[in-house]
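The following note sets out several points for a colleague who is examining this model. Please read the numbered paragraphs alongside the sequence and the coordinates.

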Amino acid sequence: MKESREIRMLGGKGAALWSLEKSGFPVPAWLAVLPGERVHLAEVRELNGSQYAVRSSAWGEDGESSSFAGQLESYLRVELEDVPSKVEAVRASAGREHVRSYQAERGFEGALEATVLVQRMIDARVAGVAFSADPVSGRRDTVVVSAVEGTAEALVSGVVDGEFWKWRGHWEPGGSLISEGEADRILDLVQKCEAWAGRPQDIEWAIDGDGKLWLLQSRAITTLSALPDPGDSLRIWDNSNIAESYGGVTTALTFSFARKIYEHVYREFCGLMRVPRRRMSRADEVFPQMLGMVEGRVYYQLLSWYRVLAMLPGFSLNRSFMEQMMGVKEALPEEVTARIADEGREGKWRDAMALVRTLAGLVKSRMTLKRRVAEFRQRLDEALLPPPVPFERMSGEELVAAYRKLEGSLLKRWDAPLVNDFLAMLANGVLRKMAESRGGVEVANRWIADCGEIISAEPPRRIREMGEMAAKVEGLTECLVDPERDWREKRSWLRKHPPLRRMWDAYEVDFGDRCLEELKLESPTLEDDPGSLLASIGAMAQRYQNGGGEVEKDGLKLEGGGWWWNQVVGETRARVRDRENLRFERTRLFGRVRKIVRELGKRLHADGQLGEPTDVFHLEIEELMAVWEGTRSMGCLSEWVAARKSEYERCLRGEAPPDRFETRGPLHRYVNYESRRLLQSPEGTSLQGTGACAGRVQGRVRVVDEPRNARLEEGEILVARQTDPGWVVLFPQAAGLLVERGSVLSHSAIVSRELGLPCVVGLSGVMGWIETGDVVEMDGGTGLVTKIRKES
């Protein structure tokens, strides 16, 4: 056997021919003329040909990432005495300008030295090319064969098209140059070449006058790695409301934790709804695929959500309610939803029994909801009690045990929020259906505007109180609004005043885990950086000094409507209120997990396994636990982290995929992601969204993409792509709220209604349609925004 160095000297094509010949493929006799060597006619005669083919074989040619197809010269039907001159002509072609440009584009360095192959020319009756996968459509289950009379030179160069055969389980003949039996032999040859190479192949073949099939060359289909397979499973990605919780690029730790939670809680939800175990087991692979990560961003895998919902009765109605709750603007095609619905059917009798069981589970869950919520909160309070030993003094094993305890007591027992969310989805969907005959969704939104005490409205109230108090302290307002001052100085000055210190300390205790992007474990908390909160208090203090103050609620009194209407309204208000309040409990849980993983990062840094403690966020949650539990081979953590950090930074620099798009098969085959919707920037002077809180406001807008330390002037309308609970520090300063994403059940809509802050959500394209300083009029009832004056 040749040494690897000798094989490498044969070049890409020569090494492939050597391996093919050794593997028993019918390759015509050939020899290689290495760089710097002369060709000897005596050796050429031993190939027993009347004519010869002279081809290049540079290293990298016919490679996995580049083919060099057509870059260097090739000669066919060469007479024996002309072989030496053609060898030199092939070598000379390696130095041409277009070849150097091809090399540079693909990262090849240095001069290209070409080995030259001399091969016995086959006197072909018919010849052609064959692909073991379709290089145009990308289908991996399709074989494509092209054939011409004589040699394949004219076909390869594109001078003629030849006849075209396609196989996908059976042949679709394209002519009569070859028989179906010969097509079967070519099919067998190209598939064996694929098995030999371990990847789809592009081969050149020939059939001589005696009917023998020859393999002239085999190389990888280099374009296929970036070509999706239309036969692979469809995935529909939609970031809708998930961007409210996980906006922008997210670390591996946060995504793996969130994905695990979604899997646990929706399995639990189906159990609570008494979905038969056989149905759940048939869709067992669905639960881990509720969320996906594309270019570092978190997306819903929509088909998984629909498949989970299809396990429950009333799928055709429930799916529209789910779309409203999730903010999904484009429903699935009917043929897709019909197929999903059919997957869940098991026959009339079993379906009827499943319906009875699920309805019974739903009724029981509703009847026991109040008790469930109380028990859930008690369980949460007990789990989040201060640990007997502070986390800072725990060992790594003790920290892992603390996490596993949380996982067992809470993450796998998330019953009350799940049931409440589902009931909120149903109640809101029914209310909106009923409201269609009473003036539209604006009526529904106004009826649920005041849901009672919502915990997320408490931070803005306290910010206003602290702002009103700070306005009375000489010099404090000016300090708080000064962007040049460090937050430590601002906090120190504020805490010099006992009433303000008490209010600040209480805020830290109650809402210390409520921060921007609070569900991202890597997000800095109020303890790490309270700059946004201090700036908001300063802005409110300045407003009080200028005669501003409280934002008044709409004040609309809605009375009457009938017993059934009032019942639905009451149920919707209660479920929406509890939905938002239970989301705050989730924030508390995430805050505890954040503390644990940060401490684990410090332990790994102290052991020299991580360059920085914060590198822990580039490990997945189970990888982190495995360090102490010994459940997997971890290798060098720093190398894993370095690769993940590099990918994270690449995603930060890159362009975000569309809000909604489709893929088939592995994501690495996609160079970019295209939305099926024709997305155009809004034009004209008006934009229609979804009214979330009634009220008409006219004023300048402040477009905020990064809310940390952002500040609004009095009377300004806040414009954002999406908001999360951490944005509430800006709400007290705003005269109105315009949000590009979201639904009437999103956080921004619920909190704005509680505060009486006019709000419009679902304003597609508003971030590009408007800019800071523009003057608009917004109607939080109808959802209409009108641009009055452009910023000058």
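1. Two strands are taken to pair if DSSP finds at least two bridges between them. The model discussed here is predicted. On that basis, four strands form an open sheet in the order β12-β13-β11-β14, and their pairing is antiparallel. The edges are formed by β12 (291–294) and β14 (660–664), each of which pairs on one side only. From one strand to the next, the twist averages 40°.

2. Within this sheet, β11 (residues 234–238) is joined to β14 by five bridges in the antiparallel sense. Across this pairing, W237 stands opposite F661 of β14.

3. Two helices deserve attention beside the sheet. Helix α9 (residues 252–272) packs on the sheet, where it touches β12 and β13 (297–301); the direction of α9 makes about 155° with that of β12. Helix α11 (residues 302–309) lies across β11, β13 and β14 and runs at about 35° to β13.

4. Helix α9 also carries a salt bridge between the side chains of R267 and E263, with an N to O distance of 3.4 Å. These two residues are four apart in α9, so about one helical turn separates them. R267 is partly exposed, at 24% relative accessibility, whereas E263 counts as buried because its value of 19% falls under the 20% limit.

5. The structure holds 54 salt bridges. One of them joins R91 to E88, with the closest N and O atoms 2.9 Å apart. Both residues belong to helix α4 (residues 83–93) and lie three residues apart, about one turn of the helix. E88 is partly exposed, with a relative accessibility of 44%.

6. Another salt bridge connects the side chains of D134 and K166 at 3.6 Å, N to O. D134 sits in the loop between β5 (124–131) and β6 (143–149), while K166 sits in strand β7 (residues 163–167), so this pair ties together parts that are 32 residues apart in sequence. D134 is buried, with a relative accessible area of 7%. In addition, a network of salt bridges links K260, R404, E407, E622 and E629.

7. Which side chain of opposite charge is nearest to D208? It is K212, at 6.6 Å, and D208 is buried yet has no salt bridge. D208 lies in strand β9 (residues 201–208). A polar atom of the D208 side chain lies 2.9 Å from the backbone nitrogen of D210. Neighbours within four places in sequence aside, D208 is in contact with I122, D123, A124, R125 and W214.

Conventions
Residues are numbered from 1 along each chain as its sequence is written. This is a predicted model: local features need pLDDT of at least 70, side-chain atom pairs count only at pLDDT 80 or more; totals for chains, interfaces and linings use all residues. Side-chain values use heavy atoms; hydrogens and water are left out. Buried means under 20% relative accessible area, exposed over 50%, partly exposed in between (1.4 Å probe, protein chains only). Lys and Arg count as positive and Asp and Glu as negative; His and the chain ends are not counted. A salt bridge is a side-chain nitrogen of Lys or Arg within 4 Å of a carboxyl oxygen of Asp or Glu. A polar contact is a pair of N or O atoms within 3.5 Å; within protein, one must be able to donate a hydrogen and the other to accept it, and residues adjacent in sequence count only if both atoms are side-chain atoms. Contact means heavy atoms within 4.5 Å. Axes are lines fitted to C-alpha atoms, for helices over the stretch in contact, and angles run from 0 to 180 degrees between N-to-C directions.
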